[in-house]
Amino acid sequence: MGDKSSVRKTVQRAGDGLHFPQPGDRVEVKYVGKLEDGKVFDSSGDGFFEFTTGIGQVIAGWDEGVKMMSLGEKGTIHVPAEMAYGAEGVQGKIPPNADLVFEVELLKIWPANGGPPHVAHGTHGGCLAQTYLCIMSPCTIA
């Protein structure tokens, strides 16, 4: 993966280039989490996932990776083990010292200042927040 201490992002579809999540903003994303061998360990499925950036609600690699995305962007975030689950891993789901790959689409940003949400073109108005995800910190897999 190259530099094992930092998150890398590749763009699959460009976003608006104007709206990027800031610490304290709430975001809505769709995602699929994979091991480097392509095995899926988690996803938002048909729903969406909401979290507040920069406050430790998700693994460090997610906070870093999502803040690099602009509204509407679809990309791949490569998270080194040190910014995911490290030497512990997640029993039965993520091996120790595993680097992770997430396909992520940034759909909404609610500014921390309480302003109106920024919504990516073509997304719906509602949200189905789900919390059965491995990106939660600590992991809360059902």
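**Notebook: salt bridges, helix and core**

I began with charged pairs and found that the side chains of K9 and E73 meet in a salt bridge, with 2.7 Å from N to O. I noted that this pair links distant parts of the chain, since K9 sits in strand β1 (residues 8-13) while E73 lies in the loop between α1 and β5, 64 residues apart. I should record at once that I am working from a predicted model.

I then asked myself whether each partner is buried or exposed: K9 and E73? For K9 I read a relative accessible area of 25%, so K9 counts as partly exposed, whereas E73 has a relative accessible area of 4% and is therefore buried, the limit being under 20%.

How many salt bridges does the structure hold? I find 4 salt bridges in the structure, and I looked up further ones after the K9 pair.

R13 and E105 form another salt bridge, and their closest N and O atoms are 2.7 Å apart. This pair, too, links distant parts of the chain, with R13 in strand β1 and E105 in strand β6, 92 residues apart. R13 has 39% relative accessibility and so counts as partly exposed, while E105, at a relative accessible area of 18%, is buried because it falls under the 20% limit.

The next entry concerns E64 and K67, which form a salt bridge whose closest N and O atoms are 3.4 Å apart. Both residues lie in helix α1, 3 residues apart, which I wrote down as about one turn of the helix. An α-helix has 3.6 residues a turn, so residues three or four places apart point the same way. On accessibility, E64 comes to 32% and counts as partly exposed, and K67, with a relative accessible area of 41%, is partly exposed as well.

Staying with α1, I asked which of its residues are buried. I find G61, W62, D63, G65 and V66 buried in this helix, and what covers the buried residues of α1 includes β1, β2, β4, β5 and β6.

I turned next to the largest nonpolar core, which has 28 residues, and noted that W62, I77, V79, I94, L100, F102 and V104 touch the most other members. The elements giving two or more residues to this core are β2 (26-35), β4 (49-52), α1 (60-67), β5 (74-79) and β6 (100-110). Which element gives the largest share? I found that it is β6, with 5 residues. As a general background note, nonpolar side chains in soluble globular proteins tend to be buried together.

I picked I77 for a closer look and left aside its neighbours within four places in sequence. The contacts of I77 then include V7, R8 and K9, followed by G61, G65, V66 and M69, and also L100, V101, F102 and V104. K9 is thus both a contact of I77 and a partner of E73 in a salt bridge.

Finally, I stepped back to the whole chain. The secondary structure comes to 1 helix and 7 strands, and from the N terminus on the elements run β-β-β-β-α-β-β-β. Buried residues make up 44% of the 142 residues. Among contacts with a separation of 6 or more, residues 24 or more positions apart account for 70%. I closed the page with the accessible surface, about 6900 Å², of which 53% belongs to carbon and sulfur atoms.

How values were computed:
Residues numbered from 1 in each chain as written. Predicted model: local features only at pLDDT ≥ 70, side-chain atom pairs only at ≥ 80, totals over all residues. Heavy atoms only, no water. Core = buried A, V, L, I, M, F, W, Y, C linked by side-chain atoms within 4.5 Å. Buried < 20%, exposed > 50% of the residue type's maximum accessible area, 1.4 Å probe, protein only. Helix = DSSP H or I, 4+ residues; strand = E, 2+ residues; numbered from the N terminus. Contact = heavy atoms within 4.5 Å. Areas by Shrake-Rupley, 256 points an atom, 1.4 Å probe, with all protein chains shown as cover.
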